[in-house]
Amino acid sequence: MTTVRLNSADPVSIDTDALIVGFRSGQEGPRAAAAAESLDAAFGGKLAASLSAVAFSGKAGELAKLPTFGAIAAPLLVAVGLGDSPDAEGLRRAAGAAVRSLAGTSRAALALPAGSPEEAEAVALGGLLGAYAFSRYRTNGEQKAPVAELTVVSAQPAGIAERAGVLAESVALVRDLVNTPPSDLWPAKFAEIAEQSGGKAGLTVEVLDDQQLKDAGYGGLVGVGQGSVNGPRLVRLSYSHPDAGKTLAFVGKGITFDSGGLNLKPSASMAWMKSDMGGAGAVLGALIGIARLDLPVNAVGYLCLAENLPSGTAQRPSDVIHSYSGKTVEVLDTDAEGRLVLMDGIARAAEDDPDVIVDVATLTGAQIVALGWRTAGVMSNDDAVRELVLEVAKGAGEGAWGMPLPEELRKGLDSPIADIANLHPERWGGMLAAGIFLKEFVPDGVRWAHIDMAGPAFNSGEPHGYTPKGGTGAITRTLIGLAERHASI
């Protein structure tokens, strides 16, 4: 794991393999941002001109590398564009992109604007997130190792680097889980990882196996998982603090592989379904982060784990299942399985009497159609809760957009033989209809929010900013941020 520290020394003199410097864009060309002003003198006042000569303008995310020829202690200078006026997320992305470009380099220093605690943490966190790599299955040695040691040029307290490290490690855990192939991450294995990593962080961990789930009436988890030889699991993680005044409950969808069941997905849609447990991963990562940060809040997390496969024992379209809440559900489509495991998790989480329940799921392809690959949809039965989730997500730099729960869509979930059906008959508004379905399992008086992150959980395109290809760890930092906000209330 990459380490990070803060150092207030002049960046010109820092002993490192590469120095990352921030530049703002302007009509007269790139200009050094705060923390890097002394560099121009070291280069004889020609640094900006040299960068302009290689077509570097300082636009956000732009990169240029120059040898220093002994002008400063570092042999390599990496210029990263910050745009005109970068915010914390702009700094995170710039740091991440620059550090990612230095894979194969042992040490790097970041001379980016870090004059405030928020800026220093953004630079440290972005650098750490950008240094992520998943190399567990590489045997040819061609993948370059990420930067091992980062130094952030800042006079801010050292504790900022420690907090950034906790956040980055939580996200890295989620990325690792999402990137792990389903042959090595079935429900029982995921539960084992949760027991080990959660226990190490001081969490109390309880696991219900498939027989216990059946005996306790978790019909959604049992139904979805019954087609696989790898039975379902429900993992409960809990963290308590003696000074806590609020309790949060997080519920994560954990389909370790989703073939669609008997309603089989087309092959192109199945290839990346190892990521369908990203919600449960985010909940695990968040609970570990909350515990390591010792936040004065109580938090419980539920990982709803199952493998959705077709077989002679798989649930069938038109089956009726009995949910943990007691409501019956007609299964019209076995590929609308995420809501079936979440309905059990939400009903169980309500028994903990939380101040708010937040469920996180790679739930619908309709989310991607509506909001794209980088923006999650947020729905809630309480406007204030929805706005809080959006505010915290924005602060974390995790794209999210508020969505409605239109009452007129509820009728489409009516079933002639059960309390509710798991699929709306119309194609349109699928993300919203899924949210309306889940709302049915939230008890009256319980505040709840639903985050559909089907797109943001997995990056099938090229890396960008601090986001790698593959698992992203999306929403993990938002959940930790929600706990921090409730700890301060």
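These legends go with several views of one predicted model.

**Figure 1. The whole chain, seen as a predicted model.**
The chain contains 15 helices and 20 strands. Its radius of gyration is 24 Å, close to the 23 Å that the globule rule gives for 489 residues, so the chain is as compact as a globular protein of that length. The C-alpha trace spans about 80 × 50 × 45 Å along its principal axes.

**Figure 2. Inside, outside and contacts of the chain.**
Of the 489 residues, 58% count as buried. The chain exposes about 19200 Å². Carbon and sulfur atoms supply 50% of that exposed area. Now take the contacts between residues at least 6 apart in sequence: 77% of them join residues at least 24 apart.

**Figure 3. Charged side chains of the chain.**
There are 40 positive and 56 negative side chains. Each set has a centre, and the two centres lie 5 Å apart.

**Figure 4. The segment 20-140.**
UniProt lists residues 20-140 in an unreviewed entry as "domain: Peptidase M17 leucyl aminopeptidase N-terminal". Over these residues the chain is 33% helix and 21% strand. The end C-alpha atoms of residues 20-140 are 30 Å apart.

**Figure 5. The segment 173-480.**
In an unreviewed entry, UniProt gives residues 173-480 as "domain: Cytosol aminopeptidase". Helix makes up 33% of this stretch, and strand makes up 21%. The C-alpha atoms at the ends of residues 173-480 are 14 Å apart.

**Figure 6. Asp294 and its loop.**
Find helix H10 (278-292) and strand S11 (298-308); Asp294 sits in the loop between them. Look at its backbone: phi is positive, about 55°, although Asp294 is not a glycine. Is Asp294 buried, partly exposed or exposed? With 48% relative accessibility, Asp294 counts as partly exposed, because that class runs between 20% and 50%.

**Figure 7. Ile475 and its loop.**
Ile475 lies in the loop between strand S20 (470-471) and helix H15 (476-487). Ile475 is a residue other than glycine, yet its phi is positive, near 75°. The relative accessible area of Ile475 is 2%, so this residue is buried.

**Figure 8. Thr467 and the residues it touches.**
Thr467 belongs to the loop between strand S19 (458-459) and S20. Which residues does Thr467 touch, not counting those up to four places away in sequence? They are Arg175, Asn459 and Thr472. Thr467 has a relative accessible area of 12%, so it is buried.

**Figure 9. Leu409 and its contacts.**
Strand S16 (400-402) and strand S17 (420-421) are joined by the loop that holds Leu409. Leu409 has a relative accessible area of 13%, so it counts as buried. Leave aside its neighbours within four places in sequence. Leu409 is then in contact with His424, Gly429, Leu432, Ala433 and Ile436.

**Figure 10. Leu409 and Val222, a pair to locate in the model.**
How far apart are Leu409 and Val222 in sequence and in space? In sequence, 187 residues separate them. In space, the distance from C-alpha to C-alpha is 27 Å.

Key:
Residues are numbered from 1 along each chain as its sequence is written. This is a predicted model: local features need pLDDT of at least 70, side-chain atom pairs count only at pLDDT 80 or more; totals for chains, interfaces and linings use all residues. Side-chain values use heavy atoms; hydrogens and water are left out. UniProt positions are given in the numbering used here, feature names are shortened, and annotations may be inferred rather than shown by experiment. Helices (H or I, at least four residues) and strands (E, at least two) are DSSP runs, numbered from the N terminus. Buried means under 20% relative accessible area, exposed over 50%, partly exposed in between (1.4 Å probe, protein chains only). The radius of gyration is taken over C-alpha atoms; the globule rule is 2.2 Å times the number of residues to the power 0.38. Contact means heavy atoms within 4.5 Å. Accessible areas come from the Shrake-Rupley method with a 1.4 Å probe; for residues, only the protein chains shown count as cover. Lys and Arg count as positive and Asp and Glu as negative; His and the chain ends are not counted. The place of a charge is taken as NZ of Lys, CZ of Arg, CG of Asp or CD of Glu.
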